[in-house]
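User: Hi! I am new to protein structures and would like to learn how to read one. Could you take me through some features step by step?

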Amino acid sequence: MQANAPDVLLYYQQHVNKVVLKSTVVIVEKSRRIGITWGIAALATLTAAAAKVANGQNVYYIGYEKEMTREFIDTCAMWAKAWDHAVSEIQEEEVLDKDTNGNAQKIQAFRITFASGFSILALSSSPRNLRGRQGLVIIDEAAFHDDLAELMKAALALLMWGGRVVVVSTHNGENNPFNGLVNDCRSGRKPYALIRITLEDAVEQGLYKRICLVKGIEWTQEGENRWVENLYDEYGDDANEELKVIPKSGSGRWLNRMLVEGNAKIRPIKRWQPPEGMADWDEGRAARETKDWIESYLTPTLRVLNREHRHAVGVDVGRVSDLTIIWVEERTRVLKTDARMVIELSKAPFSVQRQIIKHIANHLPQFSGLGIDGRGLGMQIAEELTTAYGQTLVHTVQATREWYRNHMPPVKADLEDRTTVLPRDVSIIDDFLSIVLVDNIPTIPKTKTKDANSGGTRHGDAVVSKALCRYAWAQELPTTDMGQAKPVNTAQGWGDDKAWDDDEERDWVTL
């Protein structure tokens, strides 16, 4: 190899292969024309060419058409020749399969057999006869297979024999089963590794430079920009789906009313708009006013929280136009999260917000984490809370579109699985119903909604605080020397008040 020669595989191609080697199931949502299948063919060749003692095994490639399978085999043969791996033979053959009615049928396949005794078998259909085999299964362009669910069932059967499964595809619409699989990964329903690679990612990591190297032309930034622009022109209206990895959908409501209301129960909502001009009061007077409100409206609820359960908090900070919402959840013995109290503050000075949040954190029986949006208005409060409780309990996030893409799906999954409880409150329910899908990302609309309680406006604030609380639950707690989770037991000396039972609904009054 020449000195200073680039790696054969680009970074994102290497990354996919590395994840495959250490994972059981990997899902890759990708842009077109970035060479993912080419890179996976390299891994397939190394896997089949290796001896059994070196973790070699058979590879099964499944495309949705004959030309894909032929091309994959040709690519693997190229890799085998480049690495001087001994190949016994390359042949075209027919294998038996069954159609959807259970009738026998012949499937055309291509096979490379290596001196190791292992082979790469490329099939041009969706066979269900993978069961009982052992090896690495590659499902290419999964969104375009006729029955992805059945194909996945057959592929996953190999896992018990030490196999691995890689599912690779561009998108083919929001309602496609492949996108459902991706969303299941993001929501945590499926414990699979998920990789997302857009055209921009690939170009940033050297795709166009590699094209220039292969073609023997000089790379320039202008040339790269023009190449990318031409690709977008070529795909036109399909560019978002084909290149930006955004399944086609159009905008639509993210949650339906039946789903939201089906998870709602009577829970305490504490709403407060401090006296006008409070921001100009001296610090002592403002603190005393806030303490009086806390003792009147928060303490009675905090006193009856179950001391044997863990609690987490989500905080979305507002000031003038947007509400500050503090979402307090309890994780019950059945691993269900329950909104034990939601506080909504309107036009509250930052010192008031900080005092209320700290009081809640200091009086939770088992304080297990707090999620807060650290952008803009939330930055100062997030820093002060981190100083007070440490980074192991305070989790500051930047609630960008990418954060919403990754951390809103678990909220929906909890609702669908009925493993969470929301307050039965018209304004909060409206917040959840206001979220729309934009480019397949749950998004807070720019237009605000009317608050059914106050007559003012809302901006999906409750959903954000709920998602931040859900994020806090997902983070690791500090542990004891015995490796056990260690929530902070902050509420001491409350007396003998009766704890709130798991399924009990009290006649709370919404204030």
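Analyst: Happy to! Let us begin with strands: two strands pair if DSSP finds at least two bridges between them. Helices (H or I, at least four residues) and strands (E, at least two) are DSSP runs, numbered from the N terminus. Here, strand 2 (residues 58-62) and strand 6 run parallel and are joined by 5 bridges. Please keep in mind that this is a predicted model, where local features need pLDDT of at least 70, side-chain atom pairs count only at pLDDT 80 or more, and totals for chains, interfaces and linings use all residues. Residues are numbered from 1 along each chain as its sequence is written, and side-chain values use heavy atoms, with hydrogens and water left out.

User: Which residue is the bridge partner of V59 in strand 6? And which strand is joined to strand 6 by 5 bridges and followed by residue numbers 164-169?

Analyst: V59 has L136 as its bridge partner in strand 6. The other strand is strand 7 (residues 164-169), which runs parallel to strand 6. Between these two, D140 is partnered with V168 of strand 7. To get from strand 6 to strand 7, the chain passes through helix 4 (residues 148-156), and this β-α-β crossover is right-handed. Right-handed here means that, with the strands pointing away from the viewer, the path from the first strand over the helix to the second runs clockwise.

User: Is strand 6 mostly covered or mostly open, and how many of its residues are buried?

Analyst: Buried means under 20% relative accessible area, exposed over 50%, and partly exposed in between (1.4 Å probe, protein chains only). Strand 6 (residues 135-140) is mostly covered, with 6 of its 6 residues buried. Across the protein, 51% of the 511 residues are buried.

User: What does L148 in helix 4 touch?

Analyst: Contact means heavy atoms within 4.5 Å. Leaving aside neighbours within four places in sequence, L148 is in contact with A142, P177 and F178. L148 is buried, with a relative accessible area of 5%. The C-alpha atoms of L148 and F178 are separated by 7.4 Å, although the two residues are 30 apart along the chain.

User: How do I read two helices that cross?

Analyst: Axes are lines fitted to C-alpha atoms, for helices over the stretch in contact, and angles run from 0 to 180 degrees between N-to-C directions. The axes of helix 11 (residues 283-303) and helix 12 (residues 350-362) come within 10 Å and cross at roughly 35 degrees. A crossing is left-handed if the near helix is turned anticlockwise from the far one by less than a right angle, and right-handed if clockwise; this one is right-handed. The contact involves, among others, A286, T290 and W293 of helix 11, and V352, Q355 and H359 of helix 12.

User: What about helix 16: how many of its residues are buried?

Analyst: Helix 16 (residues 426-434) has 7 of its 9 residues buried, including I428, F432 and L433. At its start, a side-chain oxygen of D425 reaches to within 3.1 Å of the backbone nitrogen of S427.

User: In what order do the strands of the open sheet come?

Analyst: Its 3 strands are in the order 9-18-19, with antiparallel pairing. Strand 9 (252-253) and strand 19 (441-443) are the edge strands, each pairing on one side only. Strand 9 is joined to strand 18 (residues 436-438) by 2 bridges, and G252 has L437 as its bridge partner in strand 18.

Conventions: Polar contact = N/O pair within 3.5 Å; in protein donor to acceptor, adjacent residues only side chain to side chain.
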